[in-house]
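Here's an informal walk through one structure, starting with a pair of helices and working outwards to chains and interfaces. Have the viewer open as you read.

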Amino acid sequence: MEKILDKKRIDDWIAALDNWDIQGPVLEDDIWSYQPVSGAVRLDHPNTKQSPKGLAFPQREIFFKFEQIKGEAPRLTQVVPDEQRHAVFGVRPCDGRGVPRMDLVFNDHVEDNYYQARRKNVAYVGLACNKPPSANCFCLSVGGSPVSTDGLDVQMTDLGDRYFVKAITETGKGLMAAAGKLFAEPSAADQKQVKQVHAEAVAYPQRAVRNVEEVPAKLKASFKSPLWQELAQACIGCGICTFLCPTCHCFDINDEVQSKAPLKGIRVRTWDNCQFPDFTMHSSGHNPRENTGARLRQRVAHKFQYFPENFGMPQCTGCGRCISECPVGIDIINVVNKVAENAA
Amino acid sequence: MINIQDIRETARDMLTKGEVRAVIGYRRGSRGMLAEPTFITSAEQADELVWDPTCFHNLSLYLVHDRKFLAHIRKNAEAPVAIVAKGCDARSIVVLMQEHYFKREDVYIIGVSCEGTGVLDERKLAKHLNGAQASNVAFDGGDFVFTTAEGEKRLPAREVMADRCLECRIPFPREHNIVFGEDKTGRQLEAPFAALTRFEAQGTGARWDFWSHHFDRCIRCFACRSVCPMCYCDECVVDSITFPVTTETTAEDKANRIRWIERSAVRSENITYLMTRAMHLAGRCTDCGECERACPVNVPIRLLNNKMEREAREQFGFEPGASIGGPSLVASFLDRDPGDFIR
Amino acid sequence: MSEQQVYEPRIVAFLCKWCSSAGSDLAGVSRIQYPANATPITVPCTGAISPMYIMSAFNKGADGVLVSGCHIGDCHYIEGNYLARRKMKLIMELLEFIGVEPNRFRMSWVSAAEGAKFAKVVTDFVNDLKPLGPQDKLKKAEHT
């Protein structure tokens with residue numbers, strides 16, 4: 001389904017989606033983040049600071065509550081994610097491509113019920129990047145595109161005073177059908193303009209990971225390379241790169257005790273991060289990933305070697321957040337290129 | 001004006017003579033105009049050193065990393081490490097020495113004066129450039145000169161400088177082995193603690209509204225802790241890695257363990273984390289502002305540290321990083337310390 | 001708690017074992033009437049109190065936190081209370097700074113002989129806390 005929507009009518013479209021919680025990019029404290037919006041939605045954002053992954057995979061997920069009276073059996077109460085449906089507007093193609101990658105992780109071997117329960121209720125309304133929103137965008141070199149529809153339910157393209165709106169999935173069709181009257185049929189000129197805009201978007205120069213299909217083998221051959229530590233020497237071991245990443249999905253599970261008598265608490269899943277020194281710390285004090293080099297290698301190789309080996313595609317979608325936001329200049333493009341270049 | 005060649009020459013000379021193991025400095029990074037930390041070990045690399053308004057980083061963090069590494073491999077330092085340090089960074093080094101983290105002879109301080117200016121605030125710059133990208137930035141007297149696609153753009157430094165630099169009282173590394181640039185102490189462009197004073201003018205309710213908003217936004221990536229040279233504890237109170245969980249561990253065992261701060265990034269836990277950090281930095285923070293710069297969600301962390309700095313100064317006459325042999329704030333006292341708040 | 005009941009603030013009281021803790025005992029054995037709102041935690045010295053304890057008490061739901069130790073000059077460890085005076089001043093300022101009501105935190109010097117003073121300190125604290133109502137700013141949220 002391909003339609004034209006007058007830019008001024010987007011608020012009416014959102015108003016028509018009355019059973020949906022609408023998430024849109026909001027500029028607050030100088031950063032863009034997805035937040036619930038009502039009425040006016042702004043789509044003039046570059047990209048949000050954090051990816052929208054938190055809607056299906058929140059930073060904190062309570063699995064169950066527990067309670068035990070001394071001498072009695074413990075009582076567990078499962079906490080089930082609510083059934084609220086969320087439609088996220090303004091999702092950039094890189095973040096859209098993050099969605100199927102997250103789906104693979106949380107569906108492979110074991111189906112993650114909590115993830116699935118949330119995921120099925122999220123619709124991603126994408127916005128094509130007419131030009132790269134960040135100087136560190138590199139989607140093209142990792143198999144993506146500024147006009148990719150991968151992972152999206154709807155793709156919108158900015159045509160100046162109107163949007164070209166394309167339904168990608170059945171969910172997307174449903175979203176558009178909810179306000180069918182607002183949409184017009186695209187004219188031949190519209191179609192031509194979309195093609196033109198998309199062609200220009202793809203032609204925009206971007207930074208690039210070189211020869212991404214050769215990277216897995218090269219990284220495999222570089223496991224013991226001293227380059228890792230050299231490139232990671234400045235790494236401070238914070239969680240910025242992973243927490244902002246649209247595909248980083250590592251988590252930790254903890255019991256958080258709320259009261260001792262009676263014993264009460266929750267089991268909770270929280271995001272974790274392979275760059276924290278204690279991520280792989282053993283209780284003996286031994287740490288198999290003992291330095292920043294080993295930890296950076298883990299993150300980079302996961303994106304560019306292990307994931308391709310397991311699923312046949314790089315996990316990285318080229319959003320460039322980890323590059324732009326790293327406080328000390330660790331640059332994943334540079335790291336991959338350098339290590340690959342120097343591979344045996 | 002600092003001539004970068006002088007810094008490079010110093011580094012080259014010391015590395016050639018083997019006087020230092022390495023020089024920790026700044027180089028041009030691979031992303032845009034930003035400098036990044038570099039660790040050079042041979043004289044040939046000295047030419048990569050740079051000095052510009054994007055040299056934000058407090059490199060003394062890497063002296064801490066170095067110490068930890070040496071302890072890990074159970075080796076003693078063979079030679080000192082040289083480090084490029086701004087005024088605030090040099091004060092951090094002094095605090096580390098005051099806390100016996102390393103000795104004076106273990107480090108060779110290549111001081112750089114911030115002269116009339118300081119480092120850039122990327123957020124302020126972004127507003128000025130309005131979407132455009134700068135590929136380079138240089139000091140030029142009281143101005144910063146940016147190279148953009150549309151040509152050269154000159155901005156008065158005070159419009160795009162970091163708040164911490166505008167308010168800096170001592171933009172000069174008093175502790176140094178060699179120093180470049182003029183000492184322009186006393187040139188502060190804004191009153192010390194100006195941002196803090198503006199904030200404190202508000203009432204209790206408004207302050208809580210402000211902080212509860214920001215405490216909610218913290219994503220607990222711990223960039224503030226990781227980037228801070230003073231956060232060198234082997235185990236932070238927020239991590240509970242010394243408590244193994246085995247199949248034998250009962251819920252009651254877990255309940256009896258001390259967990260100061262839970263992993264959940266929720267308001268109560270974020271507050272406990274950020275407040276504890278502020279307390280642990282009292283009298284140690286030298287206002288390098290790295291925590292606030294590193295924060296990906298712009299939590300105004302510096303205000304908390306500033307508050308402690310001002311209390312230390314006004315109530316106890318304490319100046320962090322003033323002297324290597326001096327006492328630490330919370331392990332010392334004076335008879336005249338205020339006590340009128342005690343019943 | 002039924003609606004008729006008045007709100008009773010919960011106080012966590014960190015008491016030095018050499019003075020205030022004994023002072024609270026004296027208040028008890030002297031049969032001085034004072035509110036039972038304080039849960040005492042005996043510490044070896046106020047100098048041993050980490051600001052973390054105070055944050056933690058609030059985190060776990062305390063409506064007020066009291067720190068009480070020996071008068072200046074009387075510390076069993078010579079200088080512990082001097083150190084406490086500094087640290088507690090700092091945490092007090094910081095709590096106020098983020099918008100916590102100043103009356104939620106209190107410090108006092110109560111010697112082992114001052115049972116009546118201990119009773120007064122607690123009574124005053126409870127009276128000052130009552131109008132503030134429950135402390136929910138720093139408290140861990142009820143998990144839902």
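Let's start inside chain B, where α8(B) and α11(B) pack with their axes 8 Å apart and at an angle of about 100°. Axes here are lines fitted to C-alpha atoms, for helices over the stretch in contact, and angles run from 0 to 180 degrees between N-to-C directions. The two helices α8(B) and α11(B) are therefore roughly perpendicular to each other. For the wording, angles under 35 degrees count as roughly parallel, over 145 as roughly antiparallel, 65 to 115 as roughly perpendicular and the rest as oblique.

On the α8(B) side, the contact is made by B:S212, B:F215 and B:D216, and α11(B) brings B:R267, B:N270, B:I271 and B:L274. Contact means that the C-beta atoms of two residues, placed from the backbone, lie within 7 Å. Sorted by class, this contact has three nonpolar, two polar and two charged residues. (Ala, Val, Leu, Ile, Met, Phe, Trp, Tyr, Cys and Pro are nonpolar; Asp, Glu, Lys and Arg are charged; the others, Gly among them, are polar.)

A word on the model: it is predicted, so local features need pLDDT of at least 70 and side-chain atom pairs count only at pLDDT 80 or more, while totals for chains, interfaces and linings use all residues. Residues are numbered from 1 along each chain as its sequence is written, and chains are lettered from A and ligands numbered from 1 in the order in which they are written.

**Where B meets C**

Chain B gives 30 residues to its contact with chain C, which gives 32. On the chain B side, the elements with two or more residues are α8 (204–217), α11 (267–281) and α13. The largest share, seven residues, comes from α11(B). By class, the chain B side has 18 nonpolar, seven polar and five charged residues.

Across this boundary, α13 (residues 301–316) of chain B packs with α3 (residues 80–97) of chain C at about 135°, with the axes 10 Å apart. That makes α13(B) and α3(C) oblique to each other. Their contact uses B:K307, B:M308, B:E311, B:Q315 and B:F316 from α13(B), against C:R86, C:K89, C:L90, C:E93, C:L94 and C:F97 from α3(C). It has five nonpolar, one polar and five charged residues.

**Where A meets B**

Here chain A puts in 39 residues and chain B 35. Which element gives the most to the chain A side? That's β11(A), with five residues. The chain A side divides into 17 nonpolar, eleven polar and eleven charged residues.

**Chains A and B as wholes**

Helices (H or I, at least four residues) and strands (E, at least two) are DSSP runs, numbered from the N terminus.

| Chain | Helices | Strands |
|---|---|---|
| Chain A | eleven helices | twelve strands |
| Chain B | 13 helices | eight strands |

With 344 residues, a compact globule would have a radius of gyration near 20 Å, and chain A agrees at 22 Å. Chain B has 343 residues and 21 Å, which also agrees with a value near 20 Å. The radius is taken over C-alpha atoms, and the globule rule is 2.2 Å times the number of residues to the power 0.38.

Chain A splits into domain 1 (2–203) and domain 2 (212–252 + 271–341), with bounds from an automatic or database domain assignment. The contact between them takes 24 residues from domain 1 and 19 residues from domain 2 of chain A.
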